[in-house]
Amino acid sequence: MSASRAEPHHQHMSETAPQQGRFISFEGTEGVGKTTAIEQLCARLYTQGIDYVRTREPGGSPFAEQLRAILLDPATDIDDDTELLLLFAARSDHLQRVIMPALARGQWVICDRFTDSTLAYQGYGRAHGDALVVGKIETLIEQFVPRLPDITFWLDLPVLEGMARANKRSSADRFEQQAEAFFRRVYAGFEHLAAAYPRIQRIDAAGSSTEVSARIWQVMDAIIRVSD
Ligand code: T5A
């Protein structure tokens with residue numbers, strides 16, 4: 001569990017030419033403050049003159065946003081495999097039409113959730129970490145995801161605190177209607193992934209949004225020469 005795993009078929013940050021766009025994803029359980037942290041990061045990139053695309057999953061392209069609406073609709077009744085494949089259909093379109101072209105143009109891509117959410121939610125949440133299901137997801141990633149993020153910020157907050165933050169807002173979507181035990185498994189999934197993959201940076205998401213953003217920026221500065 002603690003052994004760090006390389007992701008051999010994917011390009012690593014050190015191999016990325018400085019002028020190439022960076023790919024940064026944000027992850028975490030419900031309501032941990034990803035959207036808020038992304039807004040603040042993008043404001044900072046803007047002041048640095050860095051050209052970026054802000055996007056999200058599921059969604060991010062017109063077709064993927066249509067699939068998002070279906071995936072989040074509490075009235076949608078689908079089995080776990082169908083859910084998994086719809087997430088990857090959305091991701092494929094998003095990658096081909098938004099993420100890869102932006103990176104090729106040299107823009108940074110800031111993405112709210114990516115493949116780690118699938119491993120955590122579908123692999124650990126839905127399938128309780130079943131090695132067969134996690135293996136299937138890893139295969140889909142290998143086959144259909146040409147580029148993984150350079151850095152992933154995992155906003156780490158106790159599950160109940162995140163749910164309390166999220167509940168203050170809109171009514172629950174299809175995922176938010178899951179029981180607390182589901183989100184505890186999702187959290188354990190993120191813990192596992194963070195231990196396995198060095199690109200995943202754990203950020204303490206407690207405290208004010210200003211404090212959380214400062215922690216994120218400190219890690220960014222240490223890892224990426226933002227002034228490139
Ligand atoms: N999903 C997604 C899968 O199951 N598999 C997959 O492969 C993928 C990609 C949609 C759902 O899809 C699932 C996971 C999700 O259930 P989503 O739209 O990202 O994903 O949904 P959420 O994670 O639920 O996003 P939220 O918008 O609810 O949460 P955020 O973005 O983490 O939090 P944010 O910034 O909106 O903040 C939540 C509330 O807290 C406040 C904010 O003002 C807001 O009201 N807040 C703070 N309060 C106090 N202190 C702070 N530091 C705060 N920061 C924010």
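How far is an oxygen atom of the ligand from an N or O atom in the side chain of T36? In this predicted model, the separation is 2.6 Å. Two further side chains place an N or O atom at a short listed distance from a ligand oxygen atom: that of E30 at 2.7 Å and that of R113 at 2.4 Å. Taken alone, the ligand exposes 1,000 Å², of which the protein buries 84%. The space that the ligand takes is the largest pocket.

The shell around the ligand comprises 25 residues, among which T35, T36, R68, R113 and R169 come nearest. Elements contributing two or more residues to this shell are α1 (34-47), α3 (80-104) and α4 (115-126). The largest contribution is that of α4, which supplies four residues.

R113, already noted for the distance of 2.4 Å between its side chain and a ligand oxygen atom, lies in the loop between β3 (108-112) and α4. Its backbone has a positive phi of about 75 degrees, although R113 is not a glycine. A second backbone feature occurs at the peptide bond from E57 to P58, which is cis, with omega near -10 degrees. P58 is placed in the loop between β2 (52-56) and α2 (62-72). Most residues other than glycine have a negative phi, and most peptide bonds are trans.

With regard to confidence, the protein chain averages a pLDDT of 91, and 90% of the residues score at least 70. Over residues 8-18, by contrast, pLDDT stays under 50. For this segment the model has 19 contacts beyond four places in sequence. Where pLDDT is low, the predicted coordinates should not be read in detail.

Technical notes:
Residues numbered from 1 in each chain as written. Predicted model: local features only at pLDDT ≥ 70, side-chain atom pairs only at ≥ 80, totals over all residues. Heavy atoms only, no water. pLDDT = per-residue confidence, 0-100. Contact = heavy atoms within 4.5 Å. Near = heavy atom within 4 Å. Polar contact = N/O pair within 3.5 Å; in protein donor to acceptor, adjacent residues only side chain to side chain. Areas by Shrake-Rupley, 256 points an atom, 1.4 Å probe, with all protein chains shown as cover. 1 Å grid on protein atoms, 1.4 Å probe; cavity = no way out; pocket = protein on both sides within 12 Å on 5 of 7 lines; lining within 4 Å. Sits in = over half its atoms within 2 Å of the grid points.
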